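User: Please take a close look at the place where aromatic side chains gather in this model. I am new to the structure, so please explain each term as it comes up.

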Amino acid sequence: MRNNRAHVKFPVDYPYSPPSIRFLTKVWHPNVYENGDLCISILHPPIDDPQSGELPCERWNPTQNVRTILLSVISLLNEPNTFSPANVDASVMYRRWKESKGKDKEYENIIRKQVLATRSEAEKDNVTVPTTLEEYCIKHRAKPKEREADMTDFYDDDYGDDMEDDDEDEEEEIHDDNEDSGNGEL
């Protein structure tokens, strides 16, 4: 691709400190600053800040990973937090649009223009951008045999793929000399 659309920067002490996300393309959203920085609780440092209005459990913690970050970003993009806006104008417009049940078109028109511009740029890179709910939520019907899921990798997040297994060469020692088996025999 010619150009990134967002930049994720991981600090040297990740996962103890959160990464930052900046959109490189223009995004009109209540939780995106004009410079493209994303304002989302999950990326705020795990410090006690009573003024923020955030609960400590909403802030960054080392158990978060790229998947949880991206899911949180997608969720925020779909459901803006207008109580803590990074872009007050976008927040006011979004609230008006939502309260009018879509009759106030100012917010919708800006978003529609941005989606079309993004779609045009993406097509130059041979990327398809969904613009309808049907395109966004493609549903596939699995054949009966495909429905039988292979659960062996259900929890496999590729953690530790780059780690060496130091215990491979070590043999497990079994100590059965004079151990009580619990059945009264030695």
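Analyst: The answer below starts with the ground rules, goes through the aromatic cluster, and then turns to what lies around it.

The model is predicted, and so local features are described only where pLDDT is at least 70 and side-chain atom pairs count only at pLDDT 80 or more, while totals for chains, interfaces and linings use all residues. Residues are numbered from 1 along each chain as its sequence is written, and side-chain values rest on heavy atoms, with hydrogens and water left out.

A pair of aromatic rings is described by the distance of the centres and the angle of the planes. Here, rings of Phe, Tyr and Trp (for Trp, the six-membered ring) are paired if their centres lie within 6.5 Å, and the pair is called stacked when the planes are under 30 degrees apart, edge-to-face when they are over 60, and tilted otherwise. Under this rule the model has five aromatic pairs. One of them joins Phe-10 to Tyr-14 in an edge-to-face arrangement, with 4.8 Å from centre to centre and 80 degrees between the planes. Tyr-14 also pairs with Trp-60, and because their planes stand at 40 degrees, with the ring centres 5.9 Å apart, that pair counts as tilted. This second pair brings together distant parts of the chain, for Tyr-14 lies in the loop between strand 1 (6-9) and strand 2, Trp-60 lies in the loop between strand 2 and helix 1, and the two are 46 residues apart. The elements are DSSP runs numbered from the N terminus, helices being H or I runs of at least four residues and strands E runs of at least two. Phe-10, Tyr-14 and Trp-60 thus form one aromatic cluster.

The three residues can also be described by their accessibility, where buried means under 20% relative accessible area, exposed means over 50%, and partly exposed lies in between (1.4 Å probe, protein chains only). Phe-10 is partly exposed at 37%, and Tyr-14 is partly exposed at 28%, whereas Trp-60 is buried at 2%.

Gln-64 is found in the loop between strand 2 and helix 1, and because its relative accessibility is 15%, it counts as buried. If residues up to four places away in sequence are set aside, Gln-64 touches Tyr-14 and Ile-42, a contact being heavy atoms within 4.5 Å.

Trp-60 and Ile-42 both belong to the largest nonpolar core, which has eleven residues, among them Phe-23, Val-32, Leu-43, Ile-69 and Leu-76. Strand 2 (20-23) and helix 1 (66-78) each supply at least two residues of this core, and helix 1 gives the most, with three. A nonpolar core here is a set of buried Ala, Val, Leu, Ile, Met, Phe, Trp, Tyr and Cys residues joined through side-chain atoms within 4.5 Å. Val-73, another member of this core, is in contact with Ile-21, Phe-23, Leu-38 and Ile-40, leaving aside its neighbours within four places in sequence. In soluble globular proteins, nonpolar side chains tend to be buried together.

Taken as a whole, Trp-60 is a member of the aromatic cluster and also of the largest nonpolar core.
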